[in-house]
Structure formats: C-alpha cells, structure tokens
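Grab a pencil and work through a few exercises on the structure shown here. Each one sets a task and then walks you through a solution.

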Amino acid sequence: MGRKGNRRKFFKQSLKSSLWLAAGTTAVSSCKATPNIQAQYPMVISTWDNAKANEAAWKALSDGTALDAVEAGARVPEADPKDMSVGYGGRPDRDGHVTLDACVMDHLGNYGAVTYLKNIMHPVSVARRVMEETPHVMLSGEGALQFAVDQGFKSQNLLTEEAKKEWEEWKVTSKYEPKINIELHDTIGIMAIDHDQNISGACTTSGLGYKMAGRVGDSPVVGAGLFVDNEVGAATATGMGELVLKTLGSFLIVELMRQGATVSEACEEAVMRIINKQDYKKLQVGFIAIDKQGQIGAYSIQPGFVYTVTTVSGTELVKVNSYIKSE
Ligand code: SD4
C-alpha cells in the first residue's frame, strides 16, 4: 500500500475512534482541565464547544489540506442558526444588520479576509477566495459583498426571527454591555495541522452583538484574531476584539514561541499584556495556540473559556486556565 493508501487506512481508523462525537456535543460539565492529548498531528483545535466543526474539519483532513479542514470546520457554525455569534443567525448590529468578519491564513503565509460583510452565509469561504482569487488580502462591506456575489455566493437574509426578537428586546433599553462568555458557541477560531505538518487557521464571527454600524473586530485582522507561521505555530483569539486589536495577541503568541516560549507561556503573556495595559475587568478574551509539533496552549482573562481538540484519539473539550479565578 502506498503512502496515500496508508493515510486513508489511518484516517478510517481514526474517524472510527472519534465516532462517539457524532452523537452530539460534549457537555461542558464533563470537560477536562488538562487534556489527555500528547503533542501530535494531524489535529484540529477550535475555540469554545465546537465539536461538530472539528468533526467536519477532521473529515476534510482525510484527503485535504489544513486549509480545507479549517474552512470546512468554520462553515459549520456559520450555517447554524442557533449559534448567535457566527454567520447565519448571528446577533445583528444596533441597526439590525448582521455583519460578518472572517479570515483564513495558510502554511505559506497567505492570508485573506472579509470585514463588515452582509447577507453571505459563509464569510470564511469568501475570505479564502479573496486570498486565492485576488491580488488583495482584505475586502470590506459593499465591495466584499459584490465580490462574493460575483464569485457565485448566494445573497440572503441572515437575521433569524430569534435574533431579531432579541435585538428588539435589546432596543428597549439599548444598553451596550458585552456579556462575558455569553454562550458556549461563540466566535470560532479554528486551526489544523495536516499530515504534511502544515498549519492553517480560520476565524469567523458576527462580532459583538449590537455593535455600532461599521464596527470591525479582531477576528478578520491578521495578527489579532489569527496568526499562522508554519515554521513555529499558530494562535487565534476570541472575546472582546478591541482588547485583542490593541495588543495583537495572536501575532505576539507566535512570535514569543519563535523566541523560545512554550505555547502555554506565550498564551499567558498575551493575556498579561491586556491585563497590564487595558481595562479588562468585565471583559473576556481567550487565546488558543499550537506549535508545529501539535503542543497546545490556552489562556483567558475570565473563567469559563473552553476549547475543543480533535486528534486520532477522538475529541475533547478542555477547560482553560484564566487570570481571574472562578469563585
Ligand atoms: C469580535 N472577537 O468581534 C470577536 C467576538 C468574539 O467571542 O470573539 N466573541 O470582537
């Protein structure tokens, strides 16, 4: 059997061993504080409780690249109307418009992003097209929408009845107050290492609920919401984008790793930059990162952040240590 045949066999076995996942999402109460996972690849890791996204990514890894995997994974919450911070069903801005930010970055250092994109369910796929089909790295607003439509993406209303109802209730007081860990499906940052040990990442979000019209967060910005350096590793962020943008946490984490920090140390340092310089007390930011060998690190400001990791041994939901300890 050739290399490809061996790979397929390996993947059949690994998919089998992680099939228990397909039954549903792991309950957070059963998640572990320390993962049973040795540094290894292939692997998929995503922010929050995103087992279904990881499953889709893992499947895509069987005969695709890390880039195929992260795109496939990110598309799952984008299409899920129940996930109210990503894609279809996402919370709108103050004016009732769902506006989406997303990016992808591959092992060659290529990057593509869309910001403030309306009416397209899969911004992550549009971001990939920006990367692959244009001479640019980022398209925004009307231009991004026009490009998506030209590329064959369907334009549709993304505001679900449920999100609209919540927004109308919010309008009664119009109190702008981001909630910590508002739900366990949140912005997804997803990273994968494929069989060739190449790393890619993606990040996709509808941003902060009831944000100002025109607001763009960290998620589509290279070095803030996501950064991949195939020689070293990758990092992605979730939470209050303004804090991440002011400290460029994902780039910082990868660069610290390049200079010798462990993945965990680098994540902790990125959170400490926020703690030391910003008003963080009522806000959440969480980082997850991997190195080239598949070693995982994560850290957050507030308790309650989790990540989901999938390897040949299956999928685990893992609790992240935080600067502020739970009571
Ligand atoms: C943003 N970072 O737009 C995103 C939102 C998010 O968990 O990650 N929420 O600021």
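## Exercise 1: Strand S6 and its partners

Strand S5 (residues 188-193) pairs with S6 in the antiparallel sense, over six bridges. Keep in mind that this is a predicted model.

**Task.** Find which residue stands opposite Gly201 in S6, then work out how S6 is placed.

**Solution.**
- Step 1: start on the S5 side, where Met191 is the residue opposite Gly201 of S6.
- Step 2: follow the hairpin of S5 and S6, which has five residues between the strands; there Gln197 takes a positive phi near 65°.
- Step 3: turn to strand S2 (residues 99-105), which pairs with S6 in the antiparallel sense over five bridges. Here Cys103 has Cys203 of S6 as its bridge partner.
- Step 4: check the side chains. Ile199, Gly201, Cys203 and Thr205 point one way from S6, Ser200, Ala202 and Thr204 point the other way, and all are buried.
- Step 5: draw the conclusion. Seven of the seven residues of S6 (residues 199-205) are buried, so the strand is largely enclosed by the rest of the structure.

## Exercise 2: Strand S11

**Task.** Why can strand S11 be called largely enclosed by the rest of the structure? Name its partner strands too.

**Solution.**
- Step 1: count the buried residues. Six of the six residues of S11 (residues 306-311) are buried, so the rest of the structure largely encloses this strand.
- Step 2: sort them by direction. Val306, Thr308 and Thr310 point one way from S11, while Tyr307, Val309 and Thr311 point the other way.
- Step 3: look for partners. Strand S1 (residues 43-47) runs antiparallel to S11 and is joined to it by four bridges, with Ser46 opposite Thr308.
- Step 4: add strand S12 (residues 314-319), which pairs with S11 in the antiparallel sense over six bridges. A hairpin through two residues joins S11 to S12, and Thr311 has Gly314 of S12 as its bridge partner.

## Exercise 3: Two single residues

**Task.** Are Val114 and Thr160 buried or exposed? Find each one's surroundings as well.

**Solution.**
- Step 1: place Val114, which sits in strand S3 (residues 111-118).
- Step 2: use the cut-off, under 20% relative accessible area for buried. Val114 has 0% relative accessibility, so it counts as buried.
- Step 3: list some contacts of Val114 beyond four places in sequence; among them are Leu100, Val126, Leu139 and Pro220.
- Step 4: note a long-range pair: Val114 and Val216 are 102 residues apart in sequence, with 10.0 Å between their C-alpha atoms.
- Step 5: now Thr160, in the loop between helix H5 (141-150) and helix H6 (161-173). Its relative accessible area is 11%, so Thr160 is buried as well.
- Step 6: leaving aside neighbours within four places in sequence, Thr160 is in contact with Pro81, Tyr88 and Gly89.

## Exercise 4: The open sheet

**Task.** Which strands stand at the edges of the open four-stranded sheet?

**Solution.**
- Step 1: write the order, S7-S8-S9-S10, with antiparallel pairing.
- Step 2: read off the ends. Strand S7 (226-229) and strand S10 (296-300) are at the edges with a single partner strand each, so one side of each has no neighbour in the sheet.
- Step 3: add the twist, which averages 10° from one strand to the next.
- Step 4: zoom in on strand S8 (residues 233-239) and strand S9 (residues 285-291), joined by seven bridges. Gly233 stands opposite Asp291 in S9.
- Step 5: place helix H8 (residues 249-258), which lies across S7, S8 and S9 and runs at about 150° to S8.

## Exercise 5: Helices, and how far to trust the model

**Task.** How do helices H3 and H4 pack, and where does pLDDT stay under 50?

**Solution.**
- Step 1: helix H3 (residues 66-79) and helix H4 (residues 123-133) pack at about 145°, their axes 8 Å apart.
- Step 2: the contact includes Leu67 and Glu71 of H3 and Val124 and Arg128 of H4.
- Step 3: the contact residues divide into five nonpolar, one polar and six charged.
- Step 4: for confidence, the chain averages a pLDDT of 88, and 86% of the residues score at least 70.
- Step 5: pLDDT stays under 50 over residues 1-29. Where pLDDT is low, the predicted coordinates should not be read in detail.

Note on methods. Residues are numbered from 1 along each chain as its sequence is written. This is a predicted model: local features need pLDDT of at least 70, side-chain atom pairs count only at pLDDT 80 or more; totals for chains, interfaces and linings use all residues. Side-chain values use heavy atoms; hydrogens and water are left out. Buried means under 20% relative accessible area, exposed over 50%, partly exposed in between (1.4 Å probe, protein chains only). Contact means heavy atoms within 4.5 Å. Two strands pair if DSSP finds at least two bridges between them. Axes are lines fitted to C-alpha atoms, for helices over the stretch in contact, and angles run from 0 to 180 degrees between N-to-C directions. Ala, Val, Leu, Ile, Met, Phe, Trp, Tyr, Cys and Pro count as nonpolar, Asp, Glu, Lys and Arg as charged, and the others, Gly among them, as polar. pLDDT is the predictor's confidence in each residue, from 0 to 100.
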